[in-house]
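Colleague: I am new to this structure. Could you show me how to read it, feature by feature?

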Amino acid sequence: MYISRAYHITASCHNAKGMRRLGSFLDSTETFYDKLLKSCDLLASLKQIHSSLTSSGLINQAPHLGAQIIIKYTKYGEPKNARSLFNNIHNDKPNSFLWNTMIRAYANNGHCFETLELYSLMRRSDISLNTYTFPFVLKACASESLILEGKVVHGDVIRTGFHSDVYVEAALVDMYSKCGQTNDGRQVFDEMSIRDLVSWTAMITAYEQAERPKEALILFQKMQQEGLLADSVTIVSVASAVGQLGGATKAQAVHGYAICNAFLEDLSVGNSIIAMYAKCGNVEQARMFFGAMRAKDLISWNSMLSGYVQNGQASEALLLFEEMKDSECKPNPVTALILVSACAYLGSRELGRKFHDFVIGGNIKIDATLWNALMDMYAKCGDLDTAESMFNDIHPSERNVSSWNILISGYGMHGHGQKALEFFTRMQEKGIKPDHITFTSILSACSHGGLIDEGRKCFADMSKLSVKPEVKHYACIVDMLGRAGSLYEAFDMIRQMPLLPNDSVWGALLLACRIHGNTELGEIAANNLFQLEPEHAGYYVLMSNIYAASNKWQEVGRLRQDMKNKGLKKPAAFSVIELGKEIHGFHTADQVNTHWKEVYRKVEILAAEIKMAGYVPDLSCTLHDVEDEDKEQMLYYHSEKLAVAYGIMKTDPEIAIRVTKNLRVCNDCHSAFKFISYIYRRKIIIRDANRFHHFEGGTCSCKDYW
DNA sequence: TTAGGGTTAG
């Protein structure tokens, strides 16, 4: 209708009055189209409006209308239509606005390379770049971590004299940060003459993303000292930084700050608080907060699920997922990723398969990350055949370093050190460069598989492949040497390491001293550990074990008193056995499990049988200063023995018994299971911490038990 | 005559 009126008016436009009528009609037409475009949310309607504007010629006279169509086309997944419209608009004068609009549409919808291509055309044309151009282009560089292109744009910013614009500067800080060049971002930030809230937040976020939470929080303090008040975006980053740093008081303070400033109305703040509490280890507080939230979105659910898994409460995550199914939020690939890792943590192949089916049935898109997570789950659950066949299903060009790492780590943790080494060699032959995770996995594989010389060689390879050894790599090599009995070589390694040894390094040495009964080095390791981790009960228990094994009961008593004074409790051992779809758990000396009496009887019968076959109880595996007969009795009721006994009672002989323990399997149980696997001709698979022990025919796959 | 920079699960 408007268009036919336009022709009518144009036809009568032969005097001044007619011209005025035309002018006011065009104005009202523009307003009309403007409103129409703002409310348009259908591609078909958009195409109609586009066609009307083109046939009326208005498209060339009102660039802001063309701009809206360009933005909407790109948003609706039609960037080609947007670009063709952009190419066909003919303005009398060069129009930076339209160029910026097209660049912005590309950048905001993930078309990074098109953004840069158009920017490059713009630079070479006579269209002038302005302060609006750069933030879009920098965003595109940031999204793909294109640091070289980002630096070229930075050069352009300086050359064109727009380096003092507060928007451009914030975008530069963000670009450097997202490209991993935090210090360069800081330099831009320091050279700014005016810093507003967004620039401060960009820099705080940069430190948080670079896992430099201390610097993020120092900057946050400084910002407040300069009189700027945080907004909800700032608080999200601050909450993440506190989560990385840990600390209950700080977390409470951030939560309080959010309440006082009414930031909790913003869902992203609430979500970041869930993650913050969970990362600080306060999963109960996270759950309370989550439960009290009036509105929850998918990220709230995923944050809580992930919080449980991070804190080793994978079963809680699975229970929460049941609640999620009744909510309005539908699981996405991130939910699947979290749940698959929960199954991996539990070592439950049954559950893992269930989730794999759920992912397929629920049409959840499996990307490379989720595929790798599924592979990892199968590997951790001991199903290496499925893991390897999934690996083979990935197109060779799409196998990334993580895919290789998962297999190396999978074979390694199951005691197949040689197989892990084969994959380590193969990945290099295929031109994939091992990273720090590859080396942690391969060193651990050598340790678990008793391949000491190969392990030494891999450690030496690190510098050849320019991977700098980190503290965790030293922990692996100390563990490997220590378990193999080269205690003094391990100790020398610690003394010579160029980094400060942490608790895992000294912990590896302490464990080795426990294995090989070395009180002297054990005390050195323990004293370091008591300084580094005074609240960690496990180290006191290990040292007590060393003393107990050499009958130093006075020292055992002293350590126990220490623990008592500090309010530390020996971590409770817990073992889980999966029987079909049921999961049964046992504590040490469990008298709570409904079947405990019959399980005790079975365990006593087992003990008598294996003794006849030559099993000798390792009495050093109990802490107590009691008669040997009582000690032996105590050994029987270790959680893993109860779980295995239950498995023998309840499963068919051809089925493998799969038990997962939260702490390391004790030496006595390790030896007992060899005998049980022999006498009962049963396959027994025990998972402790991050290693598996496959018992069959009287032997174990691992070579790192004494 | 219209446009711009910093945020949460993985």
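Colleague: Which helix gives the largest share of the surface near DNA strand B?

Modeller: Keep in mind that this is a predicted model. A residue is near the strand if one of its heavy atoms lies within 4 Å of it. Here α13 supplies the largest share, seven residues. Helices that each supply at least two residues include α7 (96–108), α11 (166–178), α17 (267–279) and α21 (333–346).

Colleague: Which residues come nearest to DNA strand B?

Modeller: There are 39 residues around the strand. Thr-131, Asp-165, Asp-196, Asn-302 and Ser-306 come nearest.

Colleague: How many residues of each class does that surface have?

Modeller: Count 15 nonpolar, 16 polar and eight charged residues.

Colleague: What parts of the strand lie within 4 Å of the protein?

Modeller: Sort the strand's atoms within that distance. Of these, 40% belong to sugar or phosphate, and the rest belong to bases.

Colleague: Which side chains have polar atoms close to a base oxygen, and at what distance?

Modeller: Look for pairs of N or O atoms within 3.5 Å. Ser-268 has a polar side-chain atom 2.9 Å from a base oxygen of DNA strand B. Asn-271 also places one 2.9 Å from a base oxygen. For a base nitrogen, turn to Asp-165: an N or O atom of its side chain is 2.7 Å away.

Colleague: Now helix α30. Which of its residues are buried?

Modeller: Buried means under 20% relative accessible area. In α30 (residues 487–496), these are Leu-487, Ala-490, Phe-491 and Ile-494.

Colleague: Why do the buried residues line one face of α30?

Modeller: Look down the helix axis. The buried residues of α30 fall within an arc of 100 degrees, so they line one face. They pack against α29 (471–483), α31 (503–516) and α32 (519–532).

Note on methods:
Residues are numbered from 1 along each chain as its sequence is written. Chains are lettered from A and ligands numbered from 1 in the order in which they are written. This is a predicted model: local features need pLDDT of at least 70, side-chain atom pairs count only at pLDDT 80 or more; totals for chains, interfaces and linings use all residues. Side-chain values use heavy atoms; hydrogens and water are left out. A polar contact is a pair of N or O atoms within 3.5 Å; within protein, one must be able to donate a hydrogen and the other to accept it, and residues adjacent in sequence count only if both atoms are side-chain atoms. Helices (H or I, at least four residues) and strands (E, at least two) are DSSP runs, numbered from the N terminus. Ala, Val, Leu, Ile, Met, Phe, Trp, Tyr, Cys and Pro count as nonpolar, Asp, Glu, Lys and Arg as charged, and the others, Gly among them, as polar. Buried means under 20% relative accessible area, exposed over 50%, partly exposed in between (1.4 Å probe, protein chains only). The arc is that of the directions from the helix axis to the C-beta atoms. Contact means heavy atoms within 4.5 Å.
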